[in-house]
Amino acid sequence: MITAIVLIKTSVDRIPEIAEQIAALESVSEVFSVTGTYDLIAMVRVARHEDLAEVIPGRISKIPGVEGTDTHVAFRTYSQHDLEAAFAIGLDS
């Protein structure tokens, strides 16, 4: 699974609507409304690198009000949730 973190600039008056449209897209797992240079951050998870082109410039960037994106592809994922699940294997709750 390939994970991309997509930083998104939008029309400020439409942030909630744009966030909902992005969140509804297949392969988008979360969308965060944030402070700072960007308005939204989307987590995109796909099976192949080629799929990123379909999702990010092909769908996200075409949503009215999206003004620009900056995409970062993750090399590895480190998660406290994953570590806790691994240590819990074989334990009775």
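## Exercises: one helix on a four-stranded sheet

Helix 1 (residues 15–23) lies across strand 1, strand 2, strand 3 and strand 4, at about 165° to strand 2. This is a predicted model, so to speak a worksheet in coordinates.**Exercise 1.** Work out the order in which the 4 strands sit in the open sheet, and find its edge strands.

*Solution.* Start with the order, which reads 2-3-1-4 with antiparallel pairing. Next, look at the ends: strand 2 (28–33) and strand 4 (66–73) are the edge strands, each pairing on one side only. Finally, check the twist: neighbouring strands of the sheet are turned by 20° against each other on average, ignoring direction.

**Exercise 2.** Take strand 1 and strand 3 and count the bridges that join them. Then find the bridge partner of Ile-5.

*Solution.* Strand 1 covers residues 2–10 and strand 3 covers residues 40–46. The two run antiparallel and are joined by 7 bridges. Follow Ile-5 across into strand 3 and you land on Met-43, its bridge partner.

**Exercise 3.** Sort out which residues of helix 1 are buried, and explain how they are placed around the axis.

*Solution.* First, pick residues under 20% relative accessible area, the cut-off for buried. In helix 1 that gives Ile-15, Ile-18, Ala-19 and Ile-22. These buried residues are on the same side of helix 1 because they cover an arc of only 100° around the axis. Now flip to the other side, where Pro-16 and Glu-20 are exposed. Last step: ask what covers the buried residues of helix 1. The cover includes strand 1, strand 2, strand 3 and strand 4.

Key: Residues are numbered from 1 along each chain as its sequence is written. This is a predicted model: local features need pLDDT of at least 70, side-chain atom pairs count only at pLDDT 80 or more; totals for chains, interfaces and linings use all residues. Side-chain values use heavy atoms; hydrogens and water are left out. Two strands pair if DSSP finds at least two bridges between them. Axes are lines fitted to C-alpha atoms, for helices over the stretch in contact, and angles run from 0 to 180 degrees between N-to-C directions. Contact means heavy atoms within 4.5 Å. Buried means under 20% relative accessible area, exposed over 50%, partly exposed in between (1.4 Å probe, protein chains only). The arc is that of the directions from the helix axis to the C-beta atoms.
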